[in-house]
Amino acid sequence: MGIRLTGRLNSTPGVADDVATWSDPLAQALAQLPQERLRALRSWQPHTDGGLQAAGPDAATTPAPLKDLASNDYLGLACHPALQQAAAAAMAREGVGAGASRLVSGSRPVHTQLEEALAAWLGRERVLLFPSGFQANLAAVQALADRHTLVLADRLIHHSLLVGVQASGARLQRFAHNDLSDLERRLNMARRDSPSRRLLVISESLFSMEGTSPDVGALASLAERHGAALLLDEAHALGVLGPGGRGLGHGQRNISLISGTFGKAFGSGGAFLAGDALVGDWLLQHSGPFRYTTALAPPLAAAALAALELMQAQPERGEALLKRAERWRAGITAAGWPRPPGHGPILPLLVGDDRRAMALQQQLEEAGWLTGAIRPPTVPPGTARLRLVLRHPLPQGSLMPLLAALGAP
Ligand SMILES: Cc1ncc(COP(=O)(O)O)c(C=O)c1O
């Protein structure tokens, strides 16, 4: 059945000319996308040198492996033998897939081991696993907000958190990026209007497209002073920032939920939420995104557990990456680019124009570097950027050739 749009024609046989088909709005939206905003899927294969080799049809045009400055596998664990062996052993022992949700028959020993190990590492009472960070964020917002809640979220939070707010039915206000005085003003106003209203503050500890972090201690005490819950997404910080890579929320008691993913520094896939026993029980009893989905695949859980063990045994991996990121910031600034903000391994070079970002990405690719040209709608219009990700496997001495390939700002 079509949706009636006045003045529109369609050419579907058997459908009246003035009746639009379901696909018309999709076709229109696609036709309106400018060339420089179009996305395409390319296939890559990890290379033994730690880079990525184009696969499929792209292999003909990009035959040499590229140095990987685009992936979020910050510590280079995705191809680490310890993770590969752990995943293979779990697959043989517990199956490729879990076959059911956690509450039916999908819970495996490796799920419990990983949840307990993460809870101990992070100093939180309860951890629950999810198949992805996107889903964990939906669950987290729905646990902490309902349609009577006012959510105060950093302007640049991840899309999954915004979808969570929409699903919860809460009202949303966005505060200026990492601007705690703007947040405080809004919290004061909200409390003046309604002393008993449920409030939720949402932020991230390392913003993936900016490389910036809030003052998490100040954020947590601000939320606490106003009786607001705090959800902190640590997707990009865990494994790299905070004591022993435990994130910037580590040691802060007044964070209601921490969200983490295994798809980045953990080199695996899947995600988790960490909090106190009460919110853990609530999630177990009520959360749709936890209950109505197939449990995290056992090989992925086993690989995440192996990654956690490596992070604990070798904290110097993350520490060295942070020191190197500071040297890169200094080198990039000395080459005339604005200093990439923040302190982690995400080093965005602000370019502004979408087409220029694409051209720089292409120029670097021709010189052997894979980077991400990040454009709207991922970032606000006029702020396109080249996102450089400093990763552990990147050979020492890479910065100077990279800057030479980049040319003058
Ligand atoms: C800040 C942030 N949160 C959550 C997610 C989602 O994590 P996952 O890739 O595990 O779905 C991402 C990944 O893009 C992210 O950048």
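A cavity, as the word is used here, is a set of grid points where a 1.4 Å probe fits but cannot get out, and its lining residues have an atom within 4 Å of a point. The structure open in your viewer is a predicted model.

**First stop: the enclosed spaces**

Searching the whole structure turns up 2 cavities of 30 Å³ or more. To see the largest cavity, select Arg102, Leu129, Phe130, Pro131, Phe290, Thr293, Thr294, Ala295 and Leu296, which together form its lining. The volume inside is about 40 Å³, and the residues around it comprise 6 nonpolar, 2 polar and 1 charged.

For the second largest cavity, change the selection to Arg126, Val127, Leu128, Leu257, Leu273, Ala274, Gly275, Val279, Gly280 and Leu283. If you colour by secondary structure, you can follow strand E6 (126-130), strand E12 (271-275) and helix H10 (277-286), each of which contributes at least two residues to this lining. The space held here is about 30 Å³, and its lining is made up of 7 nonpolar, 2 polar and 1 charged residues.

**Second stop: the open pockets**

Turn next to the largest pocket, which holds about 1,400 Å³ of space. A convenient way in is to centre the view on Arg39, Met209, Ala373, Ile374 and Thr378, the residues nearest the pocket centre among the 49 that line it. Two or more lining residues come from each of helix H6 (133-144), helix H7 (159-168), strand E11 (257-261), helix H14 (354-366) and strand E15 (372-374). Of these, H14 gives the largest share, with 4 residues. Colouring the lining by class will show 20 nonpolar, 18 polar and 11 charged residues.

The second largest pocket contains about 260 Å³ of space. Select Pro46, Gly50, Asp73, Cys79 and Arg391 to find the middle of this pocket, since they are the closest to its centre of the 14 residues in the lining. By class, that lining divides into 5 nonpolar, 6 polar and 3 charged residues.

**Last stop: a patch on the surface**

Finally, show the molecular surface and select Leu30, Leu33 and Leu38, which make a nonpolar surface patch of about 260 Å². Within this patch, Leu33 sits in the loop that runs between helix H1 (24-32) and strand E3 (43-46). Is Leu33 buried or exposed? Its relative accessibility is 36%, and Leu33 therefore counts as partly exposed, the class that lies between buried, under 20%, and exposed, over 50%.

Notes:
Residues numbered from 1 in each chain as written. Predicted model: local features only at pLDDT ≥ 70, side-chain atom pairs only at ≥ 80, totals over all residues. Heavy atoms only, no water. Patch = residues over 30% accessible without salt bridge, like charges linked within 9 Å, V, L, I, M, F, W, Y side chains within 5 Å. Areas by Shrake-Rupley, 256 points an atom, 1.4 Å probe, with all protein chains shown as cover. Salt bridge = Lys/Arg side-chain N within 4 Å of Asp/Glu carboxyl O. Buried < 20%, exposed > 50% of the residue type's maximum accessible area, 1.4 Å probe, protein only. 1 Å grid on protein atoms, 1.4 Å probe; cavity = no way out; pocket = protein on both sides within 12 Å on 5 of 7 lines; lining within 4 Å. Points joined across faces, edges and corners; volume = space filled by probe spheres on them. Nonpolar A, V, L, I, M, F, W, Y, C, P; charged D, E, K, R; others polar.
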